[in-house]
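Please find below a short set of comments on the model, arranged as numbered points. They take up the cysteines and then the pocket.

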Amino acid sequence: MLSRTASELYWLSRYLERAENTVRMLDVSFTVSMMPNKEIAEQELIAPLKISSTYEDFMERYGVVNRDTILQFFALDTLNSSSVISCINSARDNAKSVRGKISSESWEAINSTWIELQAMKRSGSVGDASYFFDWVKERSHLYRGAVYGTSLRNDAFRFLRLGTFLERADNTARILDVKYQIENQQDDQGSLEYYRWVAVLRSLGAYEAYQDIFGDRITPEKVAQLLILRAEVPRSIRACLEATNDILQDIEGKSGQAAKRLVAVQYARIQFGDSDYIFRETGLHAYLTDFLARIETIANSIHTAYMEAV
């Protein structure tokens, strides 16, 4: 496969996963920001800006943090590369370039989403925030369903999946890190802590999994254990690394040996890790900061191995 084709397939899925992750992140912040505390509400609304490293850009252009400005910035602002519309635009551009490598149903899922977003852009509004968040998630699920149900199991399919899992691992780590830091900055650890972590679990589709596995009071330590170490949770870091490791092993050739080695090492660290090491010896923030640096190194190694023209 040509390196350019591999890159476009990989980024097509990364951008679509990023769009979904953006609304999942907003869903958490908007839910918790409804608590009757102005300071906490503002902190929660700022959290997506911190997670996406766009705080300075947002403040320069919008100046005030509230639900309306945050929604506009992350939904329809084409100057924000992390906005849903920017991600869908980029995904569609990549899909057009590799139209012959993806199924017609996968293309239709992307293109119809893009068409509906253009209509929202012209109207200047996405309407109700909760409805918009659900709509983006449903469109992302539709695309993934089309890919899994209609794609030939070849390297094109593998690069599509690779982009999804690397983006998902990065996002799960960022949400956990920022929410945990907010939690540690506040003295009130009562009902707010419970609602915040319930919102995080629901946003990552892991609330029912938590109830099934632990079945007791929700704590930051157990949420982190679920979303980092549990392989059976689809959006956990371990599940994403396991999938990434398997995908890379199925891509033939010697050019990706360095990337395969980096992923295998990081997967082993997660596979044989435990919550005591994360919380008692390292600290969650330090652990996730290190993980984010490692996942960036892995992504750069994959790019060098497969997506740079020789």
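1. For what follows, a residue is called buried when its relative accessible area is under 20%. The model under discussion is a predicted one, and the comments should be read with that in mind.

2. Cys240 has a relative accessibility of 1% and therefore counts as buried, since the cut-off is under 20%. Cys87, with a relative accessible area of 0%, is buried as well.

3. Taking a disulfide to be a pair of cysteine sulfur atoms within 2.5 Å, the count for this model comes to zero. Cys87 is in no disulfide, and the cysteine sulfur nearest to its own, that of Cys240, is 17 Å away. Seen from the other side, Cys240 is likewise in no disulfide, its nearest cysteine sulfur being that of Cys87 at 17 Å.

4. Turning to the empty space in the model, the largest pocket holds about 510 Å³. Its lining is made up of 23 residues, of which Arg14, Arg18, Glu167, Asp170 and Arg174 are the closest to the centre of the pocket.

5. Which elements give two or more residues to the lining of the largest pocket? They are α1, spanning 3-32, α8, spanning 155-184, and α15, spanning 284-307; the greatest contribution comes from α1, which supplies seven residues.

6. As to the chemical character of that lining, the residues divide by class into nine nonpolar, eight polar and six charged, while the five named as closest to the centre of the largest pocket are Arg14, Arg18, Glu167, Asp170 and Arg174, and Asp, Glu and Arg count as charged in this scheme.

Methods: Residues are numbered from 1 along each chain as its sequence is written. This is a predicted model: local features need pLDDT of at least 70, side-chain atom pairs count only at pLDDT 80 or more; totals for chains, interfaces and linings use all residues. Side-chain values use heavy atoms; hydrogens and water are left out. On a 1 Å grid over the protein atoms alone, a cavity is a set of points where a 1.4 Å probe fits but cannot get out, and a pocket is an open set with protein on both sides within 12 Å along at least five of seven lines; lining residues have an atom within 4 Å of a point. Grid points are joined across faces, edges and corners, and a volume is the space filled by probe spheres set on the points. Helices (H or I, at least four residues) and strands (E, at least two) are DSSP runs, numbered from the N terminus. Buried means under 20% relative accessible area, exposed over 50%, partly exposed in between (1.4 Å probe, protein chains only).
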